[in-house]
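Student: I would like a close look at one part of this protein, taken slowly and set in the context of the whole chain. Could you walk me through the small sheet and the charged side chains around it?

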Amino acid sequence: MLAYARMLSAIFGHLGTDNQPLKALASSLRGAGAAIPLTQAEAIPRDTLIGWALRQSPSICLAAMLAWKTASRWSEVAALSRANFVLVTDTEVIIDWSTLPKGRRGNPYSKSRMVVVTGPLTEGIASLVRSLGGFRKLTQVSTDGLASLWRAEPAMRQYTAHSIKRGAVDHLVAAKAAGAQFPEHLISRLAKHVNETHPTVADMTIRYTTDPIPLARVLRTAEVTAHL
């Protein structure tokens, strides 16, 4: 019904007819969850993703690893530039999402603004970042381009670009259920789910900070990336 309301609203608007009731209906349907798809992309396991990534070019390999380690959409990591990496060592990589192009970065003062990558894959990620030099965009492979690459491989055809984020979140939920010691709200923070309500550092406090590296550590994403 939401799709029909949107379509009719657009038609009415084009014809110069009052479409406010349809806009109100669409807004109400979205609020009730009608825009949330009932079917989701199949979650990709870490070993499957990394095994595929290691056969690709350095930039695609890095994008895949980062999408997994930061529970991100492919489009988010593909748009990263070297300037987004505020610290790169073999044991810790800190990414600041706030310098992404407007429209991709969201609230620059949110608790999901930065992520500290630690644990498995970190050394490989750091090595790839260094090897790629001063890149302005990590990869030209779009979300659709990734889907095309995967359709060409029988073992990957069931996955979509969103399978990476789903796989990472699934992996963290399973780790938490198995006894991993990190607060569960950090999964939502890492996944950049903006409705996080757990009492923690306020967005305004983040706005007042000047050094991104200690701020990133205080936001504690390292506690969850260590399990990815």
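Tutor: A residue is called buried when its relative accessible area is under 20%, exposed when that value is over 50%, and partly exposed in between. By that scale R130 is partly exposed, because its relative accessible area is 46%. Please keep in mind throughout that this is a predicted model.

For the setting, the chain has 12 helices and three strands, and 42% of its 228 residues count as buried. The accessible surface of the chain comes to about 12,000 Å², with 56% of that area belonging to carbon and sulfur atoms. Among the contacts that join residues at least 6 apart in sequence, 69% are between residues at least 24 apart.

Now to the sheet itself. The three strands form an open sheet in the order β1-β2-β3, and their pairing is antiparallel. At the edges lie β1 (85-88) and β3 (114-117), each of which pairs on one side only. From one strand to the next, the twist averages 10 degrees. As general background, strands of a sheet pair through backbone hydrogen bonds, either parallel or antiparallel. Here β1 and β2 (residues 93-96) run antiparallel and are joined by three bridges, and V88 has V93 of β2 as its bridge partner. Helix α6 (residues 122-132) packs on this sheet and touches β1, β2 and β3, its direction making about 120 degrees with that of β1.

R130 brings us back to the charged side chains, since a salt bridge joins it to D90, at 3.1 Å from N to O. D90 sits in the loop between β1 and β2 while R130 belongs to helix α6, so this salt bridge ties together parts of the chain that are 40 residues apart in sequence. D90, like its partner, falls in the middle class, because its relative accessibility is 39%.

A second arginine reaches the sheet from much further along the sequence: R217 lies in helix α11 (residues 212-218). Once the neighbours within four places in sequence are left aside, R217 is in contact with L87, E92, I94 and V116. The C-alpha atoms of R217 and I94 are 8.7 Å apart, although 123 residues separate the two along the chain. With E92 there is also a polar contact between the two side chains, at 2.6 Å. R217 counts as partly exposed because its relative accessibility is 45%.

How many salt bridges does a search of the whole structure find? It finds four, and besides the pair of D90 and R130 two others are worth setting out. The side chains of R55 and E153 meet in one of them, at 2.8 Å from N to O. This pair links distant parts of the chain, with R55 in the loop between α3 (46-53) and α4 (58-69) and E153 in the loop between α7 (143-151) and α8 (162-177), 98 residues apart. The two partners fall into separate classes: R55 counts as exposed because its relative accessibility is 53%, whereas E153, at 21%, counts as partly exposed.

The other salt bridge is formed by R220 and E223, whose closest N and O atoms are 2.7 Å apart. R220 counts as partly exposed because its relative accessibility is 33%, and E223 is placed in that class by its value of 28%.

Conventions. Residues are numbered from 1 along each chain as its sequence is written. This is a predicted model: local features need pLDDT of at least 70, side-chain atom pairs count only at pLDDT 80 or more; totals for chains, interfaces and linings use all residues. Side-chain values use heavy atoms; hydrogens and water are left out. Helices (H or I, at least four residues) and strands (E, at least two) are DSSP runs, numbered from the N terminus. Buried means under 20% relative accessible area, exposed over 50%, partly exposed in between (1.4 Å probe, protein chains only). Contact means heavy atoms within 4.5 Å. A polar contact is a pair of N or O atoms within 3.5 Å; within protein, one must be able to donate a hydrogen and the other to accept it, and residues adjacent in sequence count only if both atoms are side-chain atoms. Accessible areas come from the Shrake-Rupley method with a 1.4 Å probe; for residues, only the protein chains shown count as cover. Two strands pair if DSSP finds at least two bridges between them. Axes are lines fitted to C-alpha atoms, for helices over the stretch in contact, and angles run from 0 to 180 degrees between N-to-C directions.
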